[in-house]
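User: Please take me through this model with short questions and answers. I am new to it.

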Amino acid sequence: MAERSLNDHLSHLLAQANRHLSRQLTAEGVSLDQWRLMKVLSESGGLPMGKLAEELALNLPTLTKLVDRMVQDALVYRVPDPSDRRKVRMFLSDKGASMLASQNKRVEEHEAKVEDNYGNEDAQRLKAMLESFIKQIV
């Protein structure tokens, strides 16, 4: 079997790294993408769909399906953009904020395990290396 390209290898390794966390969140009824979306909305105070897609690195059709499910579950809600009524802004609902708070505990536990296994210094170094890698290829 031929050696994987760097991008393919990184993609595979990052997917494996996220798989355990994803299983934990999904067992509680929230996907990893839903958690990420709620986290971004919590930190931003609301975003237009285009900016949200950019922040989550999702294409608009995928994001729209994700948001539709989350609106149905009352985790997020849409508000017409006051500067352009053709657009909508997404906000985290109270139910979504409560769900996010409980899921953040699971994510923090997961991150603590990673740091316990590899050390905070190595975890920070890996994060810095990945951020540097992304900046160089963009």
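User: Which helices each supply at least two residues of the lining of the largest pocket?
Analyst: The model is predicted, so local features need pLDDT of at least 70 and side-chain atom pairs pLDDT 80 or more, while totals for chains, interfaces and linings use all residues. Numbering starts from 1 along each chain, and side-chain values use heavy atoms, without hydrogens or water. A pocket is an open set of points on a 1 Å grid where a 1.4 Å probe fits, with protein on both sides within 12 Å along at least five of seven lines, and its lining residues have an atom within 4 Å of a point. At least two lining residues each come from α1 (6-27), α2 (32-44), α3 (49-56), α5 (94-118) and α6 (120-137).

User: Which element gives the largest share of that lining?
Analyst: The lining of the largest pocket counts 34 residues, and those nearest the centre are Leu14, Asn18, Glu111, Lys127 and Leu130. Ten lining residues, the largest share, come from one helix, α5.

User: In what order do the elements of the protein chain run from the N terminus on?
Analyst: Elements are DSSP runs, with at least four residues for a helix and at least two for a strand. The protein chain has six helices and three strands. From the N terminus on, the order is α-α-β-α-α-β-β-α-α.

User: What are the rough dimensions of the box that the C-alpha atoms fill?
Analyst: The protein chain has 138 residues. Taken along the principal axes, the box around its C-alpha atoms is roughly 50 × 30 × 30 Å.

User: Which strands are the edge strands of the sheet?
Analyst: Strands of a sheet pair through backbone hydrogen bonds, in a parallel or antiparallel sense. Here the sheet is open, its three strands pair in the antiparallel sense, and their order is β1-β3-β2. Pairing on one side only marks the edge strands, β1 and β2.

User: How many bridges join β2 and β3?
Analyst: Two strands count as paired when DSSP finds at least two bridges between them. Strand β1 (residues 47-48) meets strand β3 (residues 84-92) over two antiparallel bridges. A hairpin of two residues leads from β2 to β3. For the antiparallel pair of β2 (residues 76-81) and β3, the number of bridges is six.

User: Which residue of β3 is the bridge partner of Arg78?
Analyst: On the β1 side, Leu47 has Met90 in β3 as its bridge partner. For Arg78, the bridge partner in β3 is Met90.

User: Is the aromatic pair stacked or edge-to-face?
Analyst: The structure holds one aromatic pair. Ring centres must lie within 6.5 Å; planes under 30 degrees apart are stacked, over 60 edge-to-face, the rest tilted. The centres of the Tyr77 and Phe91 rings are 5.7 Å apart and their planes meet at 20°, so this pair is stacked.

User: How many residues apart are Tyr77 and Phe91?
Analyst: Across the strands, Tyr77 stands opposite Phe91 in β3. The aromatic pair links distant parts of the chain, Tyr77 in strand β2 and Phe91 in strand β3, and the separation in residues is 14.

User: Is Asn104 buried or exposed?
Analyst: Buried means under 20% relative accessible area, exposed over 50%, and partly exposed in between, with a 1.4 Å probe. Tyr77 has 39% and is therefore partly exposed. Asn104 has a relative accessible area of 17%, so Asn104 is buried.

User: Which residues does Asn104 touch, not counting those up to four places away in sequence?
Analyst: Asn104 lies in helix α5. Contact requires heavy atoms within 4.5 Å. With residues up to four places away in sequence left out, Asn104 touches Trp35 and Lys39.

Methods:
Phe/Tyr/Trp six-rings, centres within 6.5 Å; stacked < 30°, edge-to-face > 60°.
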